[in-house]
Amino acid sequence: MTTLSLFRDVPTAQKLEGSLLKIYKQDQFPTKMFLAYRVCMNEEGHPWISLAVHKTCQQIAQDPCLHYEYLPTLGMKSFIQASLELLFGKHSQAIAEKRVGGVHTVGESGAFRLGAQFLKIWHKNLKVVCIVSCQKEHYGLIFQDMGFTVYEYSVWNPKELCSDPSMFFEVIERIPEGSILVIGNIVDCKFTQNQWTELMTTIKKKQIFPFFDIPCQGLSTGDLEEDTRLLQYFVSLGFEFFCSQSLSKNFGIYDEGVGILAIAALSNQHLLCVLSQMTGYVQALWQNPPATGARIITSILCNPALFVEWKNSLKNVVENIMLIKEKVKEKLRLLGTPGSWNHITQQSGTHGYLGLNYQQIEFLVKKKHIYVPKTSRINFTCINTRNIDYITQSIHEAVTGAED
């Protein structure tokens with residue numbers, strides 16, 4: 001008797017992001033290059049990790065008092081407190097008033113999954129999610145899976161080659177009342193004071209619920225406070241919101257996937273009610289978060305010497321990124337590559353747009369074996385002294401060849 005599979009009607013899923021890496025791995029060209037890694041790379045082409053993390057890992061491994069009991073459902077309290085102080089500032093009034101709290105989450109998407117579930121159950125009127133960032137974000141899939149209607153908008157202006165604040169305000173004007181506004185990477189959008197006022201007024205008027213994403217605090221500008229200025233502005237004005245804070249990238253412990261879902265409420269009473277509901281959701285999702293990454297991060301944030309060392313390592317990474325961008329721009333200028341390349345150095349963070357079109361990207365991939373996403377948004381830490389000449393020469397040929 002033939003047994004029919006229960007999975008016989010399951011089709012192959014639509015390809016998600018990652019197919020470019022698959023093609024790259026299949027390429028046999030000896031000097032192929034992949035410029036779309038998600039992690040921050042060092043000069044040797046390996047994932048970057050702060051030296052403070054190395055020291056801390058050794059100290060933890062030698063700790064005779066270390067135990068491996070389950071963490072509380074909502075996570076390691078010292079880790080959550082240290083993360084909130086990093087996010088809002090050690091002397092934050094909101095922390096002093098105990099109206100901000102957090103849940104220790106799993107992976108980069110755990111906070112969004114937890115936050116989406118809470119909003120789905122307790123705010124049934126919130127049916128639309130608008131995601132605004134300078135790039136395509138992965139968490140749109142999470143909200144879709146939870147039954148929300150999702151719209152995604154980019155603040156990157158491909159014609160002007162910049163993050164455009166006016167595009168952000170166009171979204172705010174169009175967003176339906178009572179929506180969830182997910183604010184991703186818009187650190188390069190520079191708002192005037194009038195725009196700040198207009199933004200706050202519109203969000204209040206439309207009863208929009210903000211949900212922030214802070215994926216790599218300190219790796220955008222090199223300044224921990226500057227990278228969360230928008231968030232601190234909202235909390236200082238008494239807004240209620242959620243925030244996903246990932247701490248894997250800025251410590252270089254990518255495989256740990258550690259972070260928190262930060263919650264800002266009007267009062268401590270409201271916050272405690274939210275956290276009590278979150279407890280049940282966490283028990284159903286992962287029950288207890290892993291401890292290793294949280295131990296490492298807490299040890300660094302709570303040790304003044306290690307904290308300073310870690311902060312300095314972030315500044316060094318950002319300075320090196322800006323140096324790489326300056327060198328790329330200068331080499332393209334010396335080659336006589338048509339167009340202005342100022343946009344390369346005007347973007348902050350590890351990733352940025354080259355401003356190339358589809359044909360130019362195809363040339364790089366197929367002719368030069370340089371793997372660049374279709375958006376032309378690359379990881380600049382993948383460029384180093386060994387490959388910068390080949391990359392810039394190839395970009396020059398892609399641009400001039402496309403013009404011919």
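**Exercise 1. Helix 3 and the residue after it**

Task: State which residue just after helix 3 takes a positive phi, then test the length of the helix and list its buried residues.

Solution. Step 1: Just after helix 3, Gly89 has a positive phi of about 105°. The model in which this angle is read is a predicted one.

Step 2: Helix 3 covers residues 77–88, twelve residues in total. At 1.5 Å a residue, the expected span is 16 Å, and the end C-alpha atoms lie 16 Å apart, so the two values agree.

Step 3: The buried residues of helix 3 are Phe79, Ile80, Ala82, Ser83, Leu84, Leu86, Leu87 and Phe88.

**Exercise 2. Positive phi outside glycine**

Task: For Gln287 and Ser376, find the phi angle, the loop and the degree of burial.

Solution. Step 1: Most residues other than glycine have a negative phi. Gln287 is not a glycine, yet its phi is positive, about 65°. Ser376, also not a glycine, has a positive phi of about 70°.

Step 2: Gln287 sits in the loop between helix 10 (268–285) and helix 11. Ser376 belongs to the loop between strand 12 (370–371) and strand 13 (377–379).

Step 3: Buried means under 20% relative accessible area, and exposed means over 50%. Gln287 has 47%, so it is partly exposed. Ser376 has 1%, so it is buried.

**Exercise 3. The surroundings of Ser299**

Task: Place Ser299 in its helix, classify its exposure and name its contacts.

Solution. Step 1: Ser299 is part of helix 11, which runs over residues 292–301.

Step 2: The relative accessibility of Ser299 is 29%, and therefore this residue counts as partly exposed.

Step 3: Leaving out residues up to four places away in sequence, Ser299 touches Thr56, Ile60 and Leu306.

Step 4: His343 is 44 residues from Ser299 along the chain, and their C-alpha atoms are separated by 38 Å.

**Exercise 4. The whole chain**

Task: Compare the radius of gyration of the chain with that of a compact globule, then describe its contents, burial and charges.

Solution. Step 1: For 404 residues, a compact globule would have a radius of gyration near 22 Å; the chain has 22 Å, so it agrees with the rule. The C-alpha trace spans about 70 × 65 × 55 Å along its principal axes.

Step 2: The chain contains 15 helices and 13 strands. Of its 404 residues, 50% are buried.

Step 3: Among contacts with a separation of 6 or more, 73% join residues 24 or more positions apart.

Step 4: The exposed area is about 20,700 Å², with 54% of it supplied by carbon and sulfur atoms. There are 38 positive and 37 negative side chains, and the centres of these two sets are 4 Å apart.

Key. Residues are numbered from 1 along each chain as its sequence is written. This is a predicted model: local features need pLDDT of at least 70, side-chain atom pairs count only at pLDDT 80 or more; totals for chains, interfaces and linings use all residues. Side-chain values use heavy atoms; hydrogens and water are left out. Helices (H or I, at least four residues) and strands (E, at least two) are DSSP runs, numbered from the N terminus. The radius of gyration is taken over C-alpha atoms; the globule rule is 2.2 Å times the number of residues to the power 0.38. Buried means under 20% relative accessible area, exposed over 50%, partly exposed in between (1.4 Å probe, protein chains only). Contact means heavy atoms within 4.5 Å. Accessible areas come from the Shrake-Rupley method with a 1.4 Å probe; for residues, only the protein chains shown count as cover. Lys and Arg count as positive and Asp and Glu as negative; His and the chain ends are not counted. The place of a charge is taken as NZ of Lys, CZ of Arg, CG of Asp or CD of Glu. The expected span of a helix is 1.5 Å times one less than its number of residues.
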